[in-house]
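Q: I'm new to this one and would like a close look at a single part of it. Could you walk me through that part and then show me how it fits with the rest?

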Amino acid sequence: MYAQGFVHVGTTDSTLVTLSYDPAAGLEVVSVLRNGVDGVRGMTEPAAIRAVGDFILVAGKGADSLVALQQRTDDTGAFTGELVFAQALRDDVGGSGGLDAVAALDVYETGGQSFVVAGSLGSGGAPGAVAVFSLDLAAPPPTHNQAEFS
């Protein structure tokens, strides 16, 4: 998937590789994110990838999830190609449904609102589904909270 000057490729080993392209130099690896490393979760078997605003959305077919990765920018506001884990929505967790073996993604805009549409294959006898999530790109960035117990 090509977005903002970068190519994003999902692999069968639950990795997302970001490449930049220069006609003189060719393709260059800019970023590699792996499920289960550096806080990235829900990206098992990436089946579909879409860009929307400052985010790259990944359908994690093997994890029954939809993952949002935020694109980092430099001092001028240009995208660097580096991605940071922002959020994961999992099937049947916190009111999110329809993500069982999610295999397709699209972004739909109407009347000034944006929606993410995810298509699921279903598995183990469970039927497939289409899940729709509203998108608020004007929301403040996520914050990190950590609790420690002794």
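Is Gln71 buried or exposed?

A: Gln71 is buried: its relative accessible area is 5%, and the cut-off for that label is under 20%. Before going further, keep in mind that you're looking at a predicted model. The average pLDDT over the chain is 84, and 89% of the residues reach at least 70. Confidence varies by element: β4 has the highest mean pLDDT, at 91, while strand β1 (residues 2-3) has the lowest, at 68.

Let's start right at Gln71. This residue sits in strand β7. If you skip the residues up to four places away in sequence, Gln71 touches Gln4, His8, Gly53, Asp54, Phe55, Ile56, Phe79, Glu82 and Leu83. So what is around β7? Strand β7 covers residues 65-73 and is joined to β8 by 8 bridges, with the two strands running antiparallel. If you want a spot to click on, try Ser65, whose bridge partner in β8 is Arg90.

Now zoom out a little. β7 and β8 belong to an open sheet of 4 strands, ordered β5-β6-β7-β8, and the pairing is antiparallel. The edges of this sheet are β5 and β8 (79-90); each has a single partner strand, so one side of each is left without a neighbour in the sheet. From one strand to the next, the twist averages 25°. As for what holds such an arrangement together, strands of a sheet pair through backbone hydrogen bonds, either parallel or antiparallel.

One of the residues touching Gln71 deserves its own stop: Glu82. You'll find Glu82 in strand β8. While Gln71 is buried, Glu82 counts as partly exposed, because its relative accessibility is 37%. Leaving out neighbours within four places in sequence, the contacts of Glu82 are Val30, Ser31, Gln70, Gln71 and Arg72. Take Gln70 from that list: it is 12 residues from Glu82 along the chain, and their C-alpha atoms are separated by 8.4 Å.

Val30 on that same list gives us a way over to another part of the chain. Val30 is also touched by Ser20, along with Gly5, Phe6, Gly26, Leu27 and Glu28, again not counting residues up to four places away in sequence. Ser20 is in strand β3 (residues 15-22), and with a relative accessible area of 18% it is buried. Strand β3 runs antiparallel to β4, and 8 bridges join the two. A hairpin of 3 residues makes the link from β3 to β4. For a pair to look up here, Asp22 has Gly26 as its bridge partner in β4.

Follow the chain past β4 (26-34) and you come to a loop leading to β5 (46-52), which is where Thr44 lies. Thr44 counts as partly exposed, given its 23% relative accessibility. Setting aside neighbours within four places in sequence, Thr44 is in contact with Ser14, Asn35, Gly60, Lys61, Gly62 and Ala63. With Asn35 there's a polar contact, side chain to side chain, at 3.1 Å. Thr44 and Arg34 are 10 residues apart in sequence, and from C-alpha to C-alpha they are 8.8 Å apart in space.

There's another sheet to find further along. It is an open one too, made of 3 strands in the order β9-β10-β11 with antiparallel pairing. Here β9 (102-110) and β11 (129-135) stand at the edges with a single partner strand each, so one side of each has no neighbour in the sheet. The twist in this sheet averages 20° from one strand to the next. Strand β10 (residues 113-120) and β11 run antiparallel and are joined by 7 bridges. Ala118 is a handy marker, standing opposite Ala131 in β11.

Finally, the whole chain. Its secondary structure comes to 11 strands and 0 helices. Of the 150 residues in the chain, 35% are buried, and Gln71, where we began, is one of the buried ones. Among contacts with a separation of 6 or more, 36% are between residues 24 or more positions apart. The accessible surface of the chain is about 8700 Å², with 50% of it belonging to carbon and sulfur atoms.

Methods
Residues numbered from 1 in each chain as written. Predicted model: local features only at pLDDT ≥ 70, side-chain atom pairs only at ≥ 80, totals over all residues. Heavy atoms only, no water. Pairing = 2+ DSSP bridges. Axes fitted to C-alpha atoms, helices over the stretch in contact; angles between N-to-C directions. Buried < 20%, exposed > 50% of the residue type's maximum accessible area, 1.4 Å probe, protein only. Contact = heavy atoms within 4.5 Å. Polar contact = N/O pair within 3.5 Å; in protein donor to acceptor, adjacent residues only side chain to side chain. pLDDT = per-residue confidence, 0-100. Areas by Shrake-Rupley, 256 points an atom, 1.4 Å probe, with all protein chains shown as cover.
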